[in-house]
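Student: Could you take me slowly through one part of this model, looking closely at how its backbone runs and turns?

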Amino acid sequence: MCGELAHARVALAKAAARADEVIAALPEPAGRSSAQRAAAAAARAEARELRAAFLGVHADAVYDELTGGRTRYLRVAELADGAAAAFPGLVPTPERLATERSRPQAEKEGDEIDQGLFFRAVLRSPAAGAHLLDAMLRPTPRALGLLPEFLRTGTADLGSVRLERTEGAARLTMCRDDCLNAEDDQQIDDMETAVDLALLDPAVEVCLLRGGEMTHPRYRGRRVFSAGVNLKTLHGGGISLVDFLLRRELGYIHKILRGSLTGNAPGGLPAMVEKPWVAAVDTFAIGGGAQILLVFDCVLAASDAYFSLPAAKEGIIPGASNFRLSRAVGPRLARQLILGGRRLRASEPEARLVFDEVHETEALDEAVEAALRRLRGSAVLANRRMLNLAEESRIEFQSYMADFALQQSFRLYSPDVIDKVGRFAASG
């Protein structure tokens, strides 16, 4: 098997080099003719076919080599960087991705699709995929570094998220007040750090996520939950498959659902630290902001708020919503929301399938405090764990994320997405 892998590794590197030579001889993507674009696409397709075949046979061996036989826990970015170094031509190098990152989305080569192929293969493997999920559930180094100070003070200002512990509750406030809490790579990092800190603090019994007051001209002085992905950042090439889309789903969102993996408990069982979570939705939860509500234990909303998942209209896949939303609202309403772009207002009867409670804005603060008190019961965590186990198995989630990795990478570079985000950016 080692000999086969060595031979396949060399063949893969040669095929990737041939494709690179073809593309390097062409003008930059924005200046290519139709024939030149076709030549680049053909070269990439040939190399990708070999990558897919290579991973179909050797994905477990590749993962084991990169992780020392699954003795080391590498996060998705570390795993991708390691694969680029150890298996030339399998995924783009950090230097190549940096060049891609400097270009607008419409002018990229689409190298992240090769990362999508790689992560699809890893997540489809029962052993490697499960190990990667565990790696992504472990606390981040940034959170571990900030933890002593947070334990001492009970506060942390992470930039786009503020965290405060009061009366046993960790209160996370999204505070990108200029862009309506629209998400980018930095906010994903801040959110995961905040979730880790809340989970790791033994003085925290329950957690709350809410949007802060905005300075955006249209919503100045009002709380806003989230406007989802930052489409201007996407147009500018700043939304990445690994550091944003995969890290987001496998990192902080999955940690809210499952907890943080802190080691091994007696008997070799994984040691998970879990907390119940409450979300309070002011004004709107759009796109990514709507997606994260599906893993919360209790969701409250102001009576004038709404929920929407316009990803299909934008041309991308709304994270794990296609996996979770039908369970919450039923298949017909899920299709209306995801495929048809329906906006679900808190005042509509069907909104109770998404929001546990709806209150007038002036009464929402009191309702939030009541929800936090209810979720401090001694048996809440055990029952929460069993409900999550019944509703969403890790194996099913892992399988969904395998296909998501590849399909979302294709969507990022589809002509309709590039056209839509470009028009959005121009109008803004």
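Tutor: Helices here are DSSP runs of at least four residues, numbered from the N terminus, and this is a predicted model. With that in hand, we can look at helix 2 and what follows. Helix 2 covers residues 34-66, which makes 33 residues, but its end C-alpha atoms are only 39 Å apart, whereas a straight helix would reach 48 Å at 1.5 Å a residue. Alongside that shortfall, helix 2 has a kink of about 75 degrees, and this kink is centred on H58.

Moving on along the chain, just after helix 2 we meet G68, where phi is positive at about 60 degrees. Most residues other than glycine have a negative phi, and with that in mind the next residue to consider is R70. R70 is not a glycine, yet its phi is positive, near 65 degrees. This residue sits in the loop that runs between helix 2 and helix 3, the latter spanning 76-86. R70 counts as partly exposed, because its relative accessibility is 37%, and partly exposed covers values between 20% and 50%.

A useful residue to set beside R70 is N181, which is likewise not a glycine and has a positive phi of about 55 degrees. N181 belongs to the loop between strand 3 (169-174) and helix 8 (185-200). Its relative accessible area is 0%, so N181 is buried, while R70 is partly exposed.

Notes. Residues are numbered from 1 along each chain as its sequence is written. This is a predicted model: local features need pLDDT of at least 70, side-chain atom pairs count only at pLDDT 80 or more; totals for chains, interfaces and linings use all residues. Side-chain values use heavy atoms; hydrogens and water are left out. Helices (H or I, at least four residues) and strands (E, at least two) are DSSP runs, numbered from the N terminus. The expected span of a helix is 1.5 Å times one less than its number of residues. The bend at a residue is the angle between axes fitted to the seven residues ending there and the seven starting there. Buried means under 20% relative accessible area, exposed over 50%, partly exposed in between (1.4 Å probe, protein chains only).
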